[in-house]
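Here are my notes on the model you sent round. Have the coordinates open while you read, and go through the points in order.

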Amino acid sequence: MNRLGAETSPYLRQHADNPVDWYPWGTEAFAAARDDDKPILLSVGYSACHWCHVMAHESFEDPETAKVMNELFVNVKVDREERPDVDTIYMEAVQALTGRGGWPMTVFMTPDGRPFHGGTYYPKVSRGQMPSFTDIMHRIQDVWVNRRDDVHNQADQLTQSLNRTALIQPDPGRAPDGDGSEALSQATAALRQQYDAAWGGFGGAPKFPQTMSQEVLLRSYLHSGDQDVLNMVINSLDAMASGGIYDHLGGGFSRYSVDAQWIVPHFEKMLYDNALFARLYLHAWQVTGRPRFRQVLNETIGFVLRDLRHDSGGFYSALDADSEGEEGRFYVWTPDQITSVLGDDAAEFMAWFGVTEGGNFEGHNILWRPVRGDLLRPANVELSRERLLSARDMRIPPGLDDKVLLEWNGLMLAALAEAAAATGNQQWMEAAVKNGGFLLDRLRRPDGRWLRSWQAGDGDRPAQARHLAYAADYAAVADAFTRLGEASGQARWIDEATQAADGLLELFWDHERGGVFTTGSDAEELICRPKEITDNAVPSANSAAAVALLRLGALTGQNHYLDRAEDILALLGEVAANHPSGFGHLLEAVDMHATGLTEVVIGGDRPDLVDAVREDYRPNTVLAWGEPYDSPLWEGRTEGLAYICHNYTCEAPAATKEELLSRL
């Protein structure tokens, strides 16, 4: 029986019954490689990865190719979303070998896990300069048998070069003091150089949204009042929400655009992207008051709650790009298909969404808004949109990656709680509280140790959580519970955030250099212990930790949280301003630390005062209200009054909304 048969990850399960004898990552695979004197062939991918499925179909499901794999290698398959530690280490090796990375990732390793060759996608048949997968395997076998010393030398050199980020030394001068606008101004200047004035965003095709860089620009605008900076954000958000990267029928965003105009997406829809998009459009709406940004926020959260939510409150990971074996098939239309649903209303709808006979995607149409930023639909178009969405729901949907990942749920929970508070949407608040309860019930062990991934049962396979959570998981859940406490006024969430933060520092803290390692001190030993520092598709563990510890420290008065956040900034703060696209989330911590957080405490039942704090975007303000908890902020407070404090030194209390706003 294939050894992946017991694995719960949807990605691994997709390959459990094909001809390759797949091992899960772990001691069994390494022991088999030693016993048989074979190198390990490691394949890393994830469920929503189009090219992962292509390579699986071409090669892994092919009996002849599988026969070669089984004869020459011990084959290990890993879901990168469940094992980011394995993915990070070996992706660094592949990038060192080839100058680029991506998925599927293919790595050839010695039986003790040291990489010596690797790449990304290999076709079944040679294409131009790209060798076939079978050719590569035979070459590796020849080197393994006839040039073993060369293999070990390469593996030694490559392993020694890995994980240099973990050796960065702290420098207190990297933790900026004073006005946070200086670091943001420097970062803004760098982002201006990358900004696409024609189509918004940064750089060219393929174009990623870089939501964290947009957040940096919003913060910069709040400091400077520079309208040009705000216009960069508005132009980018309008272009993305008008383009095909946005799902105009069902809401939510795809992973990225293959063109510079945001028209043709890579159709996979990830939970973490939509969490970060929701947060960005929320903040843009708060800053500008523009209804179209609120519409995008509503529809993005609506998509997550409709299509990515488990009945008990957890959020699933992704929708695949493919359906019925074709990328994007679920989302695209021909004029005849639209007319068959809308009849006489089709012409108006097609004009609004740029539908043509020739189409814009392989003879079909990806819906988009040709008039950029004109997103508030006329009543007839809105009715047609709802009808077409109902018709689309009858199609065979893309595959659902139903893993519930702690880190990504933390990102979504933080965005959902903040959005619920800012908009007063009680359904969102209930969904946020339900998600928090789900995470506590399903992903935390009785001893308090968090786990990375949860999967519902499937047939004879019971529901289970597995894999020790990573630093990014702990940081994300600490931040999410902090924001849920601020949003709900329930003290229990601040207590849960404190426990998560304590676990983060106990298990992951680097006592020699500062910052957090990716893996816990109780995790299995890999060839190195990585330390994640750059913000990529999601905030890095260190960025997320710095932000979470600063906010939680301000609310609880626990100075060691603030001290550890400063230690992270001493490691990375200086480089962040010079390289904002790689440290967008960390720059939020830089600004919070340098500017200083404002602490607002509201005693008793004063919803008008609570709403006054929430109605504008105040990224450097934390709010304590509702149920008191253990913090100097709550000492000696009079009910019915609002206190504005800095480092726990408070002004005279405010009794009215107008008085509070004038002081804020």
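The points below cover cavities, cores, salt bridges and one buried loop residue.

1. First, a caution: this is a predicted model, so please read everything here with that in mind. I started with the holes inside it. A search of the whole structure turns up five cavities of 30 Å³ or more, and the two I looked into are the largest, at about 380 Å³, and the second largest, at about 150 Å³.

2. Which residues sit closest to the centre of the largest cavity? They are Glu418, Glu486, Arg551, Arg618 and Thr621, out of 23 lining residues. By class, the lining of this cavity comprises 10 nonpolar, three polar and 10 charged residues.

3. As for where that lining comes from, at least two residues each are supplied by helices H11 (271-288), H16 (406-423), H18 (471-488), H20 (541-556), H22 (584-595) and H23 (607-614), along with strand E17 (621-625). H16 gives the most to the largest cavity, with four residues.

4. The second largest cavity is lined by Leu276, Arg279, Gly410, Leu411, Ala414, Glu418, Ala476, Asp479, Arg483, Pro539, Ala544 and His585. Sorted by class, its lining has six nonpolar, two polar and four charged residues. H11, H16 and H18 each put in at least two residues, and H16 again gives the most, with four. Keep an eye on Glu418: it lines the second largest cavity and is also among the residues closest to the centre of the largest one.

5. Now the nonpolar side. In soluble globular proteins, nonpolar side chains tend to be buried together. Here the largest nonpolar core has 173 residues, and Tyr281, Ile301, Leu416 and Trp450 have the most contacts inside it. The largest share of this core comes from H16, with 12 residues. A second, separate core has 25 residues, including Val44, Met91, Met109 and Leu526.

6. What does Trp450 touch, leaving aside its neighbours within four places in sequence? The partners are Leu406, Leu439, Leu440, Leu443, Arg444, Leu468, Ala469, Tyr474, Val477, Phe481 and Ala500. If you want to see the largest core for yourself, Trp450 is a handy residue to display, as one of those with the most contacts inside it.

7. On to charges. Side chains of opposite charge can pair when their charged atoms come close. The count for this model is 46 salt bridges. Take Lys207 and Asp196, whose closest N and O atoms are 2.8 Å apart. Both residues are in the loop between helix H8 (181-194) and helix H9 (211-224), 11 residues apart. Are these two buried or exposed? Lys207 counts as buried because its relative accessibility is 0%, and Asp196, with a relative accessible area of 16%, is buried as well; the cut-off for buried is under 20%.

8. Another pair to check is Asp273 with Arg255, where the closest N and O atoms are 3.1 Å apart. Asp273 belongs to helix H11, whereas Arg255 is in the loop between helix H10 (227-242) and strand E6 (256-257), 18 residues apart. Both Asp273 and Arg255 are buried.

9. Arg452 and Glu407 form a salt bridge too, with their closest N and O atoms 2.9 Å apart. Arg452 lies in strand E14 (residues 451-455) and Glu407 in helix H16, so this pair ties together parts that are 45 residues apart in sequence. Arg452 is buried, with a relative accessible area of 3%, and Glu407 is buried at 7%. There is also a network: salt bridges that share partners join Glu215, Arg219, Arg279, Glu588 and Asp591. Arg279 turns up in the lining of the second largest cavity as well.

10. Last, a loop residue. Where is Ala654? Ala654 is in the loop between strand E19 (649-650) and helix H24 (657-663). Despite the loop position, Ala654 counts as buried because its relative accessibility is 0%. Not counting residues up to four places away in sequence, Ala654 touches Leu609, Leu641, Ala642, Glu659, Leu660 and Arg663. To get a sense of scale, Ala654 and Leu367 are 50 Å apart in space, C-alpha to C-alpha, and 287 residues apart in sequence.

Terms used. Residues are numbered from 1 along each chain as its sequence is written. This is a predicted model: local features need pLDDT of at least 70, side-chain atom pairs count only at pLDDT 80 or more; totals for chains, interfaces and linings use all residues. Side-chain values use heavy atoms; hydrogens and water are left out. On a 1 Å grid over the protein atoms alone, a cavity is a set of points where a 1.4 Å probe fits but cannot get out, and a pocket is an open set with protein on both sides within 12 Å along at least five of seven lines; lining residues have an atom within 4 Å of a point. Grid points are joined across faces, edges and corners, and a volume is the space filled by probe spheres set on the points. Ala, Val, Leu, Ile, Met, Phe, Trp, Tyr, Cys and Pro count as nonpolar, Asp, Glu, Lys and Arg as charged, and the others, Gly among them, as polar. A nonpolar core is a set of buried Ala, Val, Leu, Ile, Met, Phe, Trp, Tyr and Cys residues joined through side-chain atoms within 4.5 Å. Buried means under 20% relative accessible area, exposed over 50%, partly exposed in between (1.4 Å probe, protein chains only). Contact means heavy atoms within 4.5 Å. A salt bridge is a side-chain nitrogen of Lys or Arg within 4 Å of a carboxyl oxygen of Asp or Glu.
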